[in-house]
Structures are given as C-alpha cells and as structure tokens.
Amino acid sequence: MPEAGGGPAVVTGGAGAVGSSLVRALLARGAEVRVIDDLSSGRRDHLPSTDGRLSLTVADVREPTGYADRFTGATEVWHLAANSDVRRGSENPRVDFDQGLDGTFRVLDAARRRDVPRFLYTSSSTVYGMPTVVPTPETYGPLLPESFYGGTKLGSEGLVSAFAHAYGFRAWVFRFANIIGPRMTHGIFYDFFEKLRRDPTRLEVLGDGRQSKSYLRTEECVEGLLVARDRASETVNVFNLGSYDQTSVREIAEKVVAVHGGRARIEYTGGSRGWVGDVPQQLLSVEKIGRLGWKPRLSSSAAVDRTVDEVARERGVVR
Ligand SMILES: NC(=O)c1ccc[n+]([C@@H]2O[C@H](COP(=O)([O-])OP(=O)(O)OC[C@H]3O[C@@H](n4cnc5c(N)ncnc54)[C@H](O)[C@@H]3O)[C@@H](O)[C@H]2O)c1
C-alpha cells in the first residue's frame with residue numbers, strides 16, 4: 001500500500017458548498033490544498049481569497065488531461081465533484097451517469113496512476129432507497145436506490161471499493177443526510193427563498209409537506225469527515241453522517257415564510273414525494289461514527305433554524 005502522510009490534499013468539487021468548507025478545514029490544519037472544479041455549480045469566490053497553500057484548477061473531472069498532474073505527490077483525494085441536485089437527475093438521467101459514475105471512474109483512475117494512498121468519497125443517504133429500518137445503519141441492505149442520483153452514488157461506491165482493493169489504497173465512503181450551511185447554490189432553502197423573492201404572496205411546496213429528512217450543518221459534517229479520516233483504518237470505511245432527528249418540509253416552509261414577514265400563503269402540490277425519486281423519509285443511524293468520537297451537536301431543527309437565518313441575511317431579507 002502506498003504511504004499515507006500529511007502531504008497535499010486534492011479536493012474535487014472544492015468550490016461547492018461542502019467542498020469550500022472542507023477546503024477551509026484542511027487549510028486550517030496546515031495542509032496544501034489543490035481544488036479541481038469546473039465551476040458548474042460552485043464558484044471561485046467560495047474559496048478563501050489569498051492563501052499560498054491553495055490552488056484552483058478549473059477542469060471537468062471527466063477530462064483527466066486537464067488536471068491529472070495535480071495528483072502528483074498528493075496524499076489524499078477528496079472526491080466531491082458531482083451533480084448534487086437530485087431533482088435534476090430525475091429530469092435527465094444521463095447527468096448523474098456522466099458526472100457521477102463516469103466522473104468518479106476518471107478520478108479514481110487518475111488517483112491510482114499516481115499512487116495516491118487515500119481516497120475519500122461523498123455518497124448519499126439516497127443509496128438506501130426506501131429503507132425498512134429507520135434510523136438506517138450502514139449495514140442495511142439490499143441497497144435499492146429510487147433516484148438516478150442515488151443509483152450512480154451506489155455505483156460509484158462500488159467503483160471506489162473495487163479500485164481500493166485492486167490498487168491497495170485506503171478508501172472512505174460517506175453517506176450524507178441533507179447537509180446545509182453557507183454557500184449553497186440549490187436545494188430546499190435556496191428554492192423557497194427564490195420563490196418568495198419572485199412572488200412574496202405565495203410559496204409553492206412540492207409534495208404534501210410531510211416529507212421528513214435529517215439536516216446537518218456543513219461545519220459539523222466536515223468535522224465528521226476529518227474524524228473518520230483520522231480514526232478509521234479498514235480498506236474501505238463506510239460512514240453515515242447526519243443528525244439524530246428529522247425536520248419536515250412543512251416546518252421549513254413555515255420558518256421561511258415567517259422570516260419573510262409571514263404573509264405568504266403556502267400551497268402544497270400534493271402527493272407524498274416532491275419529485276420522481278424523492279424519498280419521503282430519511283433518517284440515518286450515526287452510531288458507527290459516534291463510536292469514533294463524532295456526534296452531531298445541533299438537532300436537525302436547530303440546524304434548519306440557523307440556516308434559514310443565515311440565508312435570509314445573505315439575501316438581505318429582514319424579519
Ligand atoms: N449537500 C448535501 O445535502 C449532500 C447530500 C448528499 C451527498 N452530497 C454530495 O456531496 C458533494 C458536495 O455537494 P454540495 O452540496 O457541496 O454540492 P455543490 O453543487 O455545491 O458542489 C459540487 C461541486 O462540484 C463541482 N462539479 C460538478 N460537476 C463537476 C465536474 N464534472 N467536474 C468538476 N467539478 C464539478 C461544482 O462546480 C461544485 O463546485 C456532492 O458529491 C454531493 O452529491 C451532498
């Protein structure tokens with residue numbers, strides 16, 4: 001197995017919401033960080049402005065010639081670049097196949113060619129489909145995703161495991177609940193605020209509002225990623241990351257409307273799912289990572305409250 005050390009870290013998707021927080025945490029720990037991002041949903045100004053230890057290569061992960069040299073001498077690759085909008089994949093399944101599965105294959109192949117000893121991959125709770133065990137542990141199966149996004153995350157997990165075993169590097173797979181915090185460019189908070197900006201009198205909510213999911217703040221998520229990297233030592237280490245409880249879409253809609261002055265009428269489109277492939281209930285068991293010493297500090301609702309206030313401030317919405 002190639003030697004792991006404290007050398008440069010490559011972060012694909014490092015200009016995105018989770019990636020830019022991870023980059024900050026890695027820099028704070030003294031690492032040199034090389035970001036590879038095509039800026040499709042991420043933004044250059046999401047990255048800290050001047051730090052000699054940080055570089056950005058604007059490239060599509062599906063085109064390794066544009067970035068493979070950045071892997072030379074790296075001791076870890078964090079692979080986050082992907083379509084991160086589950087709904088987009090339900091409209092065009094090719095998006096997740098190309099950016100998710102093909103992109104992951106290309107990054108894995110580039111990493112093994114340069115003997116990078118650690119590979120860390122951000123997967124999703126969507127790999128569980130509609131689990132019958134809730135909170136859902138990492139050992140749950142069979143894994144039958146219901147979205148193309150979840151299907152290609154699961155396929156990517158398989159590729160990560162196969163590459164790790166074939167080429168002797170260590171891998172981590174993180175199955176995220178809903179991760180929320182600064183620098184988001186899509187998702188429920190973004191959608192609700194955007195809809196109210198366009199029409200402050202009504203908020204259309206997809207589904208019946210009873211969809212309930214677990215929300216975790218980005219900074220806590222990043223702490224979990226680093227704890228698992230530092231303390232887990234299997235060939236392939238799989239961890240859920242989420243909070244202990246859930247928040248319904250109705251609660252989020254009501255909080256956003258309240259911040260907007262409370263005048264908007266909430267209109268539900270009906271049905272238990274927001275879109276094809278949406279999973280109405282999601283709650284992950286976080287006992288496994290808890291045994292390594294990481295625990296969510298905020299409840300899901302507290303994470304939601306903080307994020308609603310933060311997005312309101314970012315967008316200049318005053319209560
Ligand atoms: N935020 C969540 O709730 C959540 C939940 C489960 C899994 N994830 C996963 O975590 C990762 C980060 O998600 P996020 O919320 O920060 O999303 P994000 O959209 O903010 O970040 C994704 C980043 O990848 C970049 N990117 C996309 N396709 C690329 C390509 N082909 N080549 C190079 N760069 C590309 C984008 O420009 C963006 O900067 C993704 O893999 C996502 O699927 C996120």
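This briefing covers the ligand shell and some backbone features of the structure. The model is predicted. Around the ligand there are 28 residues, and Gly13, Gly16, Val18, Gly42 and Ser84 come nearest. The loop between β5 and α4 (148-167) holds Pro135, and Pro142 is found there too.

**Ligand shell**
- Four elements give two or more residues to the shell around the ligand: α1 (17-28), α3 (94-113), β5 (118-124) and β7 (178-180).
- α1 gives the most, with three residues.
- By residue class, the shell divides into 10 nonpolar, 14 polar and four charged residues.

**Cis peptide bonds**
- Val134 and Pro135 are joined by a cis peptide bond, with omega about -5°. Pro135 sits in the loop between β5 and α4.
- From Gly141 to Pro142 the peptide bond is cis as well, with omega near 0°. Pro142 is in the loop between β5 and α4.

**Positive phi outside glycine**
- Leu39 has phi near 60°, a positive value in a residue other than glycine. Leu39 lies in the loop between β2 (33-37) and β3 (54-58). Leu39 counts as partly exposed because it has 14 C-beta neighbours inside 10 Å, and the exposed class ends at 12 or fewer.
- Arg183 has phi near 65°, also positive in a residue other than glycine. Its place is the loop between β7 and α5 (188-198). Arg183 has 18 C-beta neighbours inside 10 Å, so Arg183 counts as partly exposed; buried would take 20 or more.

Terms used:
Residues are numbered from 1 along each chain as its sequence is written. This is a predicted model: local features need pLDDT of at least 70, side-chain atom pairs count only at pLDDT 80 or more; totals for chains, interfaces and linings use all residues. A residue is near a molecule or strand if its C-beta atom, placed from the backbone, lies within 6 Å of it. Ala, Val, Leu, Ile, Met, Phe, Trp, Tyr, Cys and Pro count as nonpolar, Asp, Glu, Lys and Arg as charged, and the others, Gly among them, as polar.
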